[in-house]
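Trainee: Before we go through this model, could you explain the reasoning behind each label as we meet it?
Mentor: Gladly; let us look at the structure together and set each value against its rule.

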Amino acid sequence: MCGIVGYIGKEEALPVLLEGIKNLEYRGYDSAGFAILGEDEKVSGEKAVGKISALAEKVGGRKFGGKTGIIHSRWATHGGVTEANAHPHSDCKGVIWLAHNGIVENYKELKDELNKKGHSFKSETDTEVIAHLIEEELNPVRSRAPAQGGSPEGTAGAATSNGTFSNAVRNALKKIRGTYGLVILKSDEPDTLVAARNFSPLLVGLGEGEYIVASDAAAVLKHAKNVLYLDDGEMAVLTRDGHRVFDLEMRERDKESQVIDWSPERAQKNCYPHFMLKEIFEGPEAVENSVRGRLVLEEGNAKLGGLEKVMPALRNAKRILISACGTAYHAGRVGEYMLEEYGGIPVETDIASEFRYRKPVFREGDVFLAISQSGETADTLAALREAKEKGVPALAVVNVVGSTIARYADAGVYQHIGPEIGVASTKAFVSQVSILALLTLLIGRQREMSVVMGRRIANELTKIPELMRKILKQSDNVATLARKYGKYGNFLYLGRKYNLPVAYEGALKLKEISYVHAEGCGAGEMKHGSIAMIDENFPSVFIAPQDSVYEKMISNIEEIKARRGLVIAVATEGDKKIADIADDVIYIPKTLEMLTPLLSVVPLQLFAYHFGVLRGLDVDKPRNLAKSVTVE
Ligand code: G6P
């Protein structure tokens with residue numbers, strides 16, 4: 001959460017920063033701000049509550065000359081959503097300016113100490129202490145005249161350096177307990193930018209004669225194809241002459257850069273009104289890209305190069321422990337059904353935030369699997385670490401190449417779906433489910449799955465993208481349905497077996513995008529509680545394709561109808577029976593039962609999207625949420 005971008009190079013910094021941070025806005029959008037360092041060693045800047053557009057509007061046509069600068073979009077943790085709490089934050093004299101993603105856990109103690117030493121604070125944030133800690137390293141407040149508050153428009157005071165900038169940062173960081181992705185500038189060193197990381201993602205784009213530091217790759221694509229991913233406890237010192245990476249003991253690290261193959265266009269909306277809609281429509285391509293080159297149709301098997309080195313462990317695995325958050329967790333739950341039914345292996349799927357605290361009991365033969373689009377979700381990463389530290393082979397399904405989870409896992413499978421920008425995850429879900437289907441083939445074929453069954457699954461998987469495209473053509477009809485049901489404030493989503501996680505996912509999408517109460521529930525479980533809520537003002541969405549639990553679903557629909565509940569059903573094409581009982585039906589093509597989630601989720605994504613749009617909400621950036629949740 002929180003997006004940060006820093007720039008040092010040959011271009012005017014502000015346009016680069018604004019463009020970069022717009023691509024990271026999904027990380028947080030409570031407030032935004034920037035600081036630009038001019039050649040006259042004067043720091044100027046602006047802050048605004050709200051989205052980047054509010055900041056850009058405030059800037060208007062004003063010029064902020066300077067080729068070094070930092071910018072931030074905030075997802076508030078410590079301190080309310082106010083301009084004073086917006087980043088960047090500075091020290092007493094406005095010499096040190098920094099943007100931070102993460103949490104300083106011991107900030108209260110540090111702030112008290114700094115207050116005693118004479119520092120004056122301008123915000124309620126934990127971040128500001130870092131600026132003062134650096135200041136204290138460079139030029140202790142007690143040893144000089146009383147402070148004058150630094151302001152973004154103020155002239156920087158002249159600090160008498162007691163040490164180098166990077167040394168001071170290093171010493172300050174050693175006092176911090178917590179997480180950070182940081183980019184820092186110092187007004188009297190216009191040719192240096194320092195970036196540091198501990199548990200919050202940070203990378204340095206290596207452009208031509210320029211560096212662009214960012215929380216994730218989406219911000220650097222236009223300027224750099226080669227990036228350095230910083231590891232925990234690393235600090236990069238970027239100057240106009242080159243870059244160096246150190247650990248906090250100032251030992252230089254030799255780091256290799258990685259190539260990002262996403263084109264900048266992929267991070268644009270193109271002709272779509274919202275990223276979310278674009279990404280729903282990219283679902284079929286996402287499945288194609290995740291499956292491409294990985295199916296061995298003849299053998300009814302899958303080939304996952306990234307898992308080669310853990311094949312012996314997979315072959316002998318006795319249990320798979322899946323851990324993930326949000327939408328990725330729902331994909332994991334679908335995987336659980338697939339892997340148990342066709343892979344022939346016991347699976348337990350956990351919400352990562354629970355897994356990390358519930359002291360899981362590991363057994364010989366366990367294999368851990370993290371699923372994360374961003375590869376940065378703090379809870380998922382912690383769960384992976386827990387498994388790895390206990391000696392369990394730790395695998396991951398990740399989209400973002402080079403992300404922390406991708407690098408930390410023992411082996412993994414990349415999704416290859418390009419950037420997902422909409423905060424509500426859509427194309428990542430179908431990609432993750434299709435990769436779990438590949439894993440099911442791989443594991444199943446080592447066990448009991450016959451070649452005939454393997455071929456059936458593999459063949460059907462290749463047809464999924466076309467079937468998804470067929471459903472997408474119904475987008476306008478789904479919009480009409482969203483209009484019809486737009487007045488309701490509560491929805492129950494019901495499914496069984498493979499489509500139970502889809503019910504959870506459909507409800508999650510509606511909640512995220514529309515702020516409407518929606519609950520996912522096992523259709524068999526509803527009679528134990530949720531059905532009590534049903535009346536004519538509480539519609540239900542049934543995911544009821546013609547599969548092994550179809551008859552049961554029909555009975556559950558009848559039960560809702562008997563209580564005057566309205567029913568929208570997602571059903572298999574040609575199913576007339578369901579049309580007679582449900583109030584409205586969205587049809588999806590027939591496919592293998594285990595692959596139905598790849599189809600049934602699509603109308604639910606569209607429904608949530610249109611519902612949110614009709615309510616006039618910003619569906620790409622729903623309130624209070626962030627795309628990449630890097631705090632607990
Ligand atoms: C956030 C996002 C969700 C996402 C979840 C897990 O909550 O808003 O859309 O599903 O994080 O993200 P990950 O990157 O780990 O898949």
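**Rings, charges and domains**

Mentor: In this predicted model, the charged end of R623 sits over the ring of Y515, at 3.9 Å from the ring centre.

Trainee: What makes the charged end of K388 count as sitting over the ring of Y408?

Mentor: The charged end of K388 is 4.5 Å from the centre of the Y408 ring, and the rule asks for a distance within 6 Å together with a position within 35 degrees of the ring normal. The distance therefore fits the rule, and the pair is listed as a charge over a ring.

Trainee: How many aromatic pairs are there by the rule for rings?

Mentor: The count is nine aromatic pairs. In one of them, Y272 and F281 have ring centres 5.8 Å apart and planes at 40° to each other.

Trainee: Why is the pair of Y272 and F281 called tilted?

Mentor: Centres within 6.5 Å make a pair, while planes under 30 degrees apart would be stacked and planes over 60 edge-to-face; with 5.8 Å and 40°, Y272 and F281 therefore pair and fall into the tilted class. Y485 and Y488 also form a tilted pair, with 6.0 Å between the centres and 45° between the planes.

Trainee: How do you know whether Y485 is buried or exposed?

Mentor: Buried means under 20% relative accessible area, so Y485, at 1%, counts as buried. Y488 has 11% and is therefore buried by that cut-off too. Y272, by contrast, has 28% relative accessibility, which lies between 20% and the 50% limit for exposed, so Y272 is partly exposed.

Trainee: Which residues form one aromatic cluster?

Mentor: That cluster is made of F355, F362 and F368.

Trainee: Turning to the domains, what makes R407 and D231 a salt bridge?

Mentor: The side chains of R407 and D231 meet at 2.4 Å, N to O, and the rule allows a nitrogen of Lys or Arg within 4 Å of a carboxyl oxygen of Asp or Glu, so the pair qualifies. Domain 1 covers 3-265 and domain 2 covers 269-471, and two salt bridges are counted between these domains.

Trainee: How much area do domain 1 and domain 2 bury between them?

Mentor: They bury about 1300 Å², with 56% of it on carbon and sulfur atoms. Of the area that domain 1 buries against domain 2, Y26, Y229 and W262 supply 44%, more than any other three residues.

Definitions and conventions. Residues numbered from 1 in each chain as written. Predicted model: local features only at pLDDT ≥ 70, side-chain atom pairs only at ≥ 80, totals over all residues. Heavy atoms only, no water. Buried < 20%, exposed > 50% of the residue type's maximum accessible area, 1.4 Å probe, protein only. Domains from an automatic or database assignment. Buried area = accessible area lost by both parts, 1.4 Å probe.
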